[in-house]
Amino acid sequence: MTQTQEPARSRTFTWSDPAANAAQVGRRSGLDLLRAMIAGELAAPPVMHLIDMSRMEADEGRVTVDLVPQEFHYNPLGTVHGGVISTLLDTAAACAVHTTLPAGVGYTSLDLSVKFLRPVTVASGILRCEGTVLQRGRRTALAEARLTDADARLIAHATSSCLLFPLPLDPPA
């Protein structure tokens, strides 16, 4: 990604074809898939480049994602847009659920409930968002995500429900 600040601001970024990762969904466990992305064996999804998420960690039932707030995240009020914050919270919560899924099982978010507690600006420093699975059943999972700033202050909190479902297998060749 490239970005300029003076005098006119601009930003460009690149990403890999997301179909390559999509083809792996269901063939590997969720934790294996995320760890392959983190290790660079698979490309990061385009959304990570779009909002410039800088780092991800994944363990069973837990995911952390980091982001350095930038001007291009700002809303008209001069703070990071709530949609960017919600995207971080949704990513961490849903990916935490993904880490618990075996090969052959997929998921999708059913809902996301967000509470914004503090404004975020470039002065907030690196943001860390940790998602944790609270409960996983056969058909649904419940996760939460907590977003903190560089001083470990809670910025926002979310809960998310995910629907779990079997993925169709490719027909034999």
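Which residues touch the most other members of the largest nonpolar core?

**View 1. The largest nonpolar core.** In this predicted model, Val63, Leu88, Leu89 and Leu147 touch the most other members of that core, which has 39 residues. Eight elements each supply at least two core residues: α2, α3 (46–51), β3, β4, α4, β6 (127–136), β7 (140–148) and β8 (154–166). Helix α4 gives the largest share, ten residues.

**View 2. Valine 63 and its contacts.** Valine 63 is the bridge partner, in β4, of alanine 58. Neighbours within four places in sequence are set aside here. Val63 then contacts Leu34, Met56, Glu57 and Ala58. Its contacts also include Ala92, Cys95, Ala96 and Thr99. Cys129, Glu130 and Gly131 complete the list. The strand around this residue is mostly covered: five of the six residues of β4 are buried.

**View 3. The six-stranded sheet.** The sheet is open, and its strand order is β3-β4-β6-β7-β8-β5. The pairing is antiparallel. Which strands stand at the edges? They are β3 and β5. Each has a single partner strand, so one side of each is left without a neighbour in the sheet. Neighbouring strands are turned by 20 degrees against each other on average, with direction ignored. Strands of a sheet pair through backbone hydrogen bonds.

**View 4. Strand β4 between β3 and β6.** Six bridges join β3 to β4, and the two strands run antiparallel. They form a hairpin with two residues between them. Glycine 61 sits in that turn and has a positive phi of about 80 degrees. On β6, β4 again pairs in the antiparallel sense, over six bridges. Threonine 64 has glutamate 130 as its bridge partner in β6. Aspartate 66 stands opposite arginine 128, also in β6.

**View 5. Strand β8 with β7 and β5.** Nine bridges join β7 to β8. Eleven bridges join β5 (residues 105–116) to β8. Both pairs run antiparallel. Toward β7, threonine 148 stands opposite leucine 154 of β8. Toward β5, leucine 112 has serine 160 of β8 as its bridge partner. Serine 161 is also in β8. How far apart are serine 161 and threonine 108 in space, C-alpha to C-alpha? The distance is 8.7 Å, although 53 residues separate them in sequence. Not counting residues up to four places away in sequence, serine 161 touches Thr108, Ser109, Leu110 and Asp111, along with Ala141 and Leu142.

**View 6. Helix α2 and its cover.** Helix α2 spans residues 30–38. Gly30, Leu31, Leu33, Leu34, Ala36 and Met37 of this helix are buried. The cover over them includes α1 (19–22), β3 (53–59), β4 (62–67) and α4 (82–98). The helix lies across β3 and β4, running at about 145 degrees to β3. Just after α2, glycine 40 takes a positive phi of about 85 degrees.

**View 7. Helix α4 on the sheet.** Helix α4 packs on the sheet and touches β3, β4, β5, β6, β7 and β8. Its direction makes about 140 degrees with that of β5.

**View 8. Two residues with positive phi that are not glycine.** Aspartate 52 has a positive phi of about 70 degrees. This residue is found in the loop between α3 and β3. Is aspartate 52 buried or exposed? Neither term fits: with a relative accessible area of 21%, aspartate 52 is partly exposed, because buried means under 20%. Alanine 152 is the second case, with a positive phi near 65 degrees. Its place is the loop between β7 and β8, a hairpin with five residues between the strands. Alanine 152 counts as exposed, at 60% relative accessibility.

**View 9. The annotated domain.** UniProt, in an unreviewed entry, places the feature "domain: Thioesterase" at residues 78–155. Over that stretch the chain is 22% helix and 42% strand. The end C-alpha atoms of the stretch are 16 Å apart.

Technical notes:
Residues are numbered from 1 along each chain as its sequence is written. This is a predicted model: local features need pLDDT of at least 70, side-chain atom pairs count only at pLDDT 80 or more; totals for chains, interfaces and linings use all residues. Side-chain values use heavy atoms; hydrogens and water are left out. UniProt positions are given in the numbering used here, feature names are shortened, and annotations may be inferred rather than shown by experiment. Helices (H or I, at least four residues) and strands (E, at least two) are DSSP runs, numbered from the N terminus. Buried means under 20% relative accessible area, exposed over 50%, partly exposed in between (1.4 Å probe, protein chains only). Contact means heavy atoms within 4.5 Å. A nonpolar core is a set of buried Ala, Val, Leu, Ile, Met, Phe, Trp, Tyr and Cys residues joined through side-chain atoms within 4.5 Å. Two strands pair if DSSP finds at least two bridges between them. Axes are lines fitted to C-alpha atoms, for helices over the stretch in contact, and angles run from 0 to 180 degrees between N-to-C directions.
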